[in-house]
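Visitor: Got a minute to walk me through this one? I'd like the fold before the interface.

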Amino acid sequence: MTLREIKELLQAEVIIGDESLDVEITFAGGSDLMSDVLAFGKPGILLLTGLSNAQSVRTANIIDAKAVVYVRGKKPDKMGIDIARENGIPLLSTKYMMYTACGLLFSHGLSGVSDVSQKK
Amino acid sequence: MMMSSEVEFSQKFEITGGDFSSAGRTSTSIKEILKEIGIDSSIIIRASIASYEAEMNVVMYAKRGVLTLNITPEKLRFKLEDEGSGIENIEMAMQEGFSTATDEMREMGFGAGMGLPNIKKNADKFEISSTPGKGTSLDIIFCLDKTGKK
């Protein structure tokens with residue numbers, strides 16, 4: 001599924017990364033806890049989170065996330081957006097809450113990060 | 001910046017305790033350095049996660065810390081020395097889920113008691129020592145040659 005399809009499914013706003021919407025996303029994970037993201041995240045993940053501080057973007061960068069979707073209409077602060085711009089990480093924001101956002105993507109065939117690692 | 005097999009790379013990074021807005025900056029820089037040197041991407045991810053967790057620990061629990069990155073053809077090594085409260089019980093601190101984090105730390109998305117276990121999980125060798133009231137030392141090693149690689 002492309003990031004553009006994800007944007008449409010989640011009726012999301014693109015905060016940064018309009019030029020990267022054709023990137024292919026194959027799995028996702030959702031958490032507000034960056035400790036968990038660092039423990040279970042895999043390179044290429046689409047990260048859904050409600051944590052909107054700069055740490056969310058730094059964590060996404062450290063684990064080589066493909067993009068970040070902020071749920072509940074949240075948006076990162078300027079520092080977060082600057083880090084994303086420097087590192088080429090697209091940021092989206094959806095009004096859906098975490099459960100609904102993840103459910104919509106999962107029901108349209110986007111695997112969870114743990115499902116992907118179990119298949120290996 | 002290319003590294004010939006004879007060259008050793010070393011750099012020190014100072015980390016300030018309590019500086020939550022800059023937390024993670026050091027590890028982001030280190031990741032860039034590892035990419036420029038041409039370290040294998042699977043090792044970069046593991047090393048970046050470990051340095052980020054270690055850096056967050058200094059920001060959350062110590063007054064200050066120095067992280068030394070050292071790369072030889074055989075290994076990538078992080079040595080971290082901090083000045084701070086230290087760890088009373090290392091065995092408990094190494095257990096997943098054990099945490100002494102404050103609400104401020106948890107609001108940052110950290111402090112879930114996953115940091116030290118996650119550093120150990122990602123490293124090829126991991127050593128920790130601490131003196132309560134003085135500080136904590138970490139020695140984190142990633143093998144760059146084929147032997148001993150995870």
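Visitor: What pattern does chain B follow along the sequence?
Guide: Chain B reads β-α-α-β-β-α-α-α-β-β. Helices (H or I, at least four residues) and strands (E, at least two) are DSSP runs, numbered from the N terminus.

Visitor: Anything I should know about the model and the numbering?
Guide: The model is predicted: local features need pLDDT of at least 70, side-chain atom pairs count only at pLDDT 80 or more, and totals for chains, interfaces and linings use all residues. Residues are numbered from 1 along each chain as its sequence is written, while chains are lettered from A and ligands numbered from 1 in the order in which they are written.

Visitor: OK, the sheet. What's the strand order in chain B?
Guide: 1-2-3-5-4, in an open sheet of five strands with antiparallel pairing. Two strands pair if DSSP finds at least two bridges between them.

Visitor: Which strands stand at the edges?
Guide: Strand 1 (9-16) and strand 4 (125-131) of chain B. Each has a single partner strand, so one side of each lacks a neighbour in the sheet.

Visitor: How many bridges between strands 3 and 5 of chain B?
Guide: Seven, joining residues 75-84 of strand 3 to residues 135-143 of strand 5 in the antiparallel sense. B:Glu81, for one, has B:Ser137 in strand 5 as its bridge partner.

Visitor: And what does helix 2 of chain B touch on the sheet?
Guide: Helix 2 (residues 41-61) packs on strand 1, strand 2 (62-71), strand 3 and strand 5 of chain B. Its direction makes about 5 degrees with that of strand 3. Axes are lines fitted to C-alpha atoms, for helices over the stretch in contact, and angles run from 0 to 180 degrees between N-to-C directions.

Visitor: Switching to helix 5 of chain B. Which residues are buried?
Guide: B:Gly115, B:Leu116, B:Asn118, B:Ile119 and B:Asn122. Buried means 20 or more other C-beta atoms within 10 Å of a residue's own, with C-beta atoms placed from the backbone.

Visitor: What covers them?
Guide: The cover includes helix 2 (34-40) of chain A, plus helix 2, helix 3 (90-93), strand 4 and strand 5 of chain B.

Visitor: So how many residues of each chain are in contact?
Guide: 19 residues of chain A with 18 of chain B. Contact means C-beta atoms, placed from the backbone, within 7 Å.

Visitor: Which element gives the largest share on chain A's side?
Guide: Helix 3 of chain A, with six residues.

Note on methods. Contact = placed C-beta atoms within 7 Å. Buried ≥ 20, exposed ≤ 12 C-beta atoms within 10 Å, placed from the backbone.
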